[in-house]
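Biologist: I'm new to this one and would like a close look at a single part. Could you pick one pair of packed helices and walk me through how they meet, then show me what sits around them?

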Amino acid sequence: MDGDKVFCTQCGTEMGRDEKFCPSCGANVDGTPNPYAGRSSGYSSPESSSLDTTRLLIMLYGIAALAFGVLGLVGVSMLNDPAMQQALKDMGVVITDDYVTSAMIECAVIIVSAACALVSSFLVKKRTNYTAALVLCIAAAATSFAFGLLFGIVTFVVGLYMAYRIKQGQALFS
């Protein structure tokens, strides 16, 4: 009976003698092309799922950073309003031009960080341009220091971990 066993030459899975394609890996047995090769089975590999999770986390950071940066710019622009300046002065708070300029630059850097993260997330989703996806993820992480020292360190470390996860999924990029 053991003489009736047939094994796939690609992955070693046991198959029936009448099967033309391996049920596990899809390799053809008799040299004919597999009409189903390259089609999605509806299931994703653990590596692909991990990369999808990475993409979602990068996108989540990008959206949050974009919102924070835009709201920061709106808030800082309100400091130029004479009525706001007078109200702050009445409370004993003096806002210098240097402070306003510095805050606007920080908000702009946060928006750049968000843009880098969102483009990286898009490239990971499309599984194209691996190098750009990786570099943009690292750039988003590096520019996250505009959030402040403590939060910047945390987002930098998490951003580098996301870049590491993109690196691990390099084979999934076209």
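Modeller: Let's go straight to where helix 4 meets helix 5: on the helix 4 side the residues are Tyr 130, Ala 133, Leu 134, Cys 137, Ile 138, Ala 141 and Ala 142, and on the helix 5 side they are Thr 155, Phe 156, Gly 159, Leu 160, Met 162, Ala 163, Ile 166 and Lys 167. Contact here means heavy atoms within 4.5 Å. Sorted by class, that contact has 12 nonpolar, 2 polar and 1 charged residues (Ala, Val, Leu, Ile, Met, Phe, Trp, Tyr, Cys and Pro count as nonpolar, Asp, Glu, Lys and Arg as charged, and the others, Gly among them, as polar).

Before going on, keep in mind that this is a predicted model, where local features need pLDDT of at least 70 and side-chain atom pairs count only at pLDDT 80 or more, while totals for chains, interfaces and linings use all residues. Residues are numbered from 1 along each chain as its sequence is written, and side-chain values use heavy atoms, with hydrogens and water left out.

Two packed helices are described by the angle between their axes and the distance between the axes. For helix 4 and helix 5 (residues 149–168), the angle is about 170 degrees and the axes are 8 Å apart. The axes are lines fitted to C-alpha atoms, for helices over the stretch in contact, with angles running from 0 to 180 degrees between N-to-C directions. Helix 4 and helix 5 are therefore roughly antiparallel (under 35 degrees counts as roughly parallel, over 145 as roughly antiparallel, 65 to 115 as roughly perpendicular and the rest as oblique).

Now helix 4 on its own. Its 14 residues (130–143) should span 20 Å at 1.5 Å a residue, and the end C-alpha atoms are indeed 20 Å apart; the expected span is 1.5 Å times one less than the number of residues. Buried in helix 4 are Tyr 130, Ala 133, Leu 134, Cys 137, Ala 140 and Ala 141. Those buried residues fall within an arc of 125 degrees seen down the axis, so they line one face of helix 4; the arc is that of the directions from the helix axis to the C-beta atoms. Over on the other side of helix 4, Thr 131 and Val 135 are exposed. As for the cut-offs, buried means under 20% relative accessible area, exposed over 50%, and partly exposed in between (1.4 Å probe, protein chains only).

Across in helix 5 you'll find Tyr 161, which counts as partly exposed at 43% relative accessibility. The C-alpha atoms of Tyr 161 and Ala 141 are 9.5 Å apart, with their positions 20 residues apart along the chain.

Stepping back along the chain, the loop between helix 3 (97–126) and helix 4 holds Arg 127. Arg 127 has a positive phi of about 55 degrees although it isn't a glycine, and it is buried, with a relative accessible area of 13%. That loop is also the place of Asn 129, another non-glycine residue with a positive phi, near 50 degrees. Asn 129 is partly exposed, at 45% relative accessible area.

As for the whole protein chain, there are 5 helices and 2 strands, in the pattern β-β-α-α-α-α-α along the sequence. Helices (H or I, at least four residues) and strands (E, at least two) are DSSP runs, numbered from the N terminus.
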